[in-house]
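Visitor: I'd like to hear how the labels people put on a model are justified. Could you walk me through one?

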Amino acid sequence: MNAVVIAVLLMVGLSLARVNIVIALVLSALFGGVVGGLPLLETVNVFTQGLGGGAAIALNYAMLGAFAVTISRSGITDVLANKVITRISGKNATAGSTIWVKSILFGVILLAAIASQNIVPVHIAFIPILIPPLLHVMAQLKLDRRAVACILTFGLTSTYMLLPVGFGKIFLNTLLYTNLVDNGVSIQADQLPLVMAIPVFGMFLGLLVALFVTYRGKREYSLDKILESEPESHTIKTKHLWVAVIAIISALSTQLATDSVIIGSLTGLVVFVIGGVLKVEETQDVFTKGVYMMGLFGFIMISAAGFAEVMKATHAIDSLVLTTTDLVGDNKVLAAFLMLLTGLLVTMGIGSSFSTIPIIASIYVPLALGFGFSPMATAALVGAAAALGDAGSPASDSTLGPTSGLNADGQHDHIWDSVVPTFLHYNIPLIIFGVIAAMVL
């Protein structure tokens, strides 16, 4: 058995058994390294050296958590939540108005996720700010949060796969196009959105199934736990609302100018202090709560960086891909399927499509061209294989982000309520429609 296959399957199995994902990543990396031929001490050293790759992301999460906690204190997100709650619980509330509110809520969340990739490219930074105050609304509506997780992941992932703006420009033009051309594929950058449209359409069908079939039913959540995590009885001051608006604009502007979530969040916190929403002596408490809210996700990303480094050191990725060629023969459909399935195994542990494109492209391009796939089909295979890591990995921003907001009250499990739903509704369609794209392009 290949070391990557064993490590990923072990990580997934431990996660599904509700073992902490950080522990699962560490154990899987160590086991996979030893299976891959590395001595245990060398595996530990490689894993430790790789941890530094996730350190900046961990601090991003901590600072973002502190900023989200402070925004919550200002009361600005409660204004919207309270208005929606009043509408759905008032005397004039009807079944029709409730459906209308659900539709608007889903639409706003989806638009926010899409905009976070291009119009205001803050990635997942908006989730711990927007979602927690809306948990009470969702509980009143008896919405299944797994549906919301699917909406968020779809908006975060499909947008950069399809639109060459913001993060999409990085994914499509900087990474996918450059690595394809560097490995000998003759293709134009403006062809890539068309190439990726077929896999994205598969994800869209998965979203429709999640909303209208799988998670359309009602699900009960404890209002008491929501109130404990997000008190709604504090007085909302108009001055604090304006300070919050200025802080958010300042944070977003600074983040866009410096390309740093850390600096952006810090700028927002400074504005809150100057505006009187947050006292200087309260910054310790705010940062502690921010770490409590987001710290786990930072540690997951750090562990995923170590996991990826061990997998690279074993050279098992190359052998895994080459092994698939022995099973294919001249069957192009089987070749496309196995290439995507291999891409799923490679990216599940790393958890980032952006990080895996260089790895996937260097191996897949010669393989795909050797099987006789066209340049556009080759691009579809590489792009879809890389995206599989974001759509349903326990260590991906696109699943960790939704959990960071939906689990603010401790009622949303990362693996069973975010990872499993997104894996089923997006990874399976990505493989199916990735194969279709490879055959028709």
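Visitor: What makes you say that α10 bends at L176?
Guide: The bend at a residue is the angle between axes fitted to the seven residues ending there and the seven starting there. At L176 in α10 that angle is about 30°. Keep in mind that this is a predicted model, where local features need pLDDT of at least 70, side-chain atom pairs count only at pLDDT 80 or more, and totals for chains, interfaces and linings use all residues. Residues are numbered from 1 along each chain as its sequence is written, and side-chain values use heavy atoms, with hydrogens and water left out.

Visitor: How do you know that the span of α10 agrees with what 16 residues should give?
Guide: The expected span of a helix is 1.5 Å times one less than its number of residues. For residues 167-182 that comes to 22 Å, and the end C-alpha atoms are 21 Å apart, so the two agree. As for the name, helices (H or I, at least four residues) and strands (E, at least two) are DSSP runs, numbered from the N terminus.

Visitor: Which residues of α10 are buried, and what follows the helix?
Guide: Buried means under 20% relative accessible area, exposed over 50%, partly exposed in between (1.4 Å probe, protein chains only). In α10 the buried ones are G168, F171, L172, L175, L176, N179 and L180. After the helix comes G184, with a positive phi near 100°.

Visitor: What makes the phi of K142 worth pointing out?
Guide: Most residues other than glycine have a negative phi. K142 is a residue other than glycine, yet its phi is positive, near 60°. You'll find K142 in the loop between α8 (135-141) and α9.

Visitor: Why is K142 called partly exposed?
Guide: Its relative accessible area is 29%, which falls between the two cut-offs, so K142 counts as partly exposed.

Visitor: Why is α9 called oblique to α21?
Guide: Axes are lines fitted to C-alpha atoms, for helices over the stretch in contact, and angles run from 0 to 180 degrees between N-to-C directions. The axes of α9 (residues 145-162) and α21 (residues 414-440) come within 9 Å and cross at roughly 45°. That makes the pair oblique, because angles under 35 degrees count as roughly parallel, over 145 as roughly antiparallel, 65 to 115 as roughly perpendicular and the rest as oblique. On the α9 side R146, A149, C150, I151, T153, F154 and M161 take part, and they meet W416, D417, S418, P421, T422, H425, Y426 and L430 in α21.

Visitor: And why is α9 oblique to α20?
Guide: α9 and α20 (residues 397-406) have axes that come within 9 Å and cross at roughly 140°. That value sits outside the parallel, antiparallel and perpendicular ranges, so α9 is oblique to α20. Among the α9 residues that meet α20 are V148, L152 and L156, and the α20 side consists of S398, P402 and L406.

Visitor: What is the handedness of those two crossings?
Guide: A crossing is left-handed if the near helix is turned anticlockwise from the far one by less than a right angle, and right-handed if clockwise. α9 passes α21 in a right-handed crossing, and the crossing of α9 and α20 is right-handed too.

Visitor: How do you know that S158 in α9 is buried?
Guide: Its relative accessible area is 5%, so S158 is buried by the cut-off. Contact means heavy atoms within 4.5 Å. Leaving aside neighbours within four places in sequence, S158 is in contact with T153, V200 and M203.

Visitor: Why is F67 called buried?
Guide: F67, in α4 (residues 55-74), has a relative accessible area of 5%, so the buried label applies. Beyond neighbours within four places in sequence, its contacts include I129, A247, L269 and F272.

Visitor: Why is E228 called exposed?
Guide: E228 has a relative accessible area of 65%, so it is on the exposed side of the cut-off. E228 lies in α12 (residues 223-229).

Visitor: What makes α19 largely enclosed?
Guide: 17 of its 18 residues are buried, so α19 is largely enclosed by the rest of the structure.
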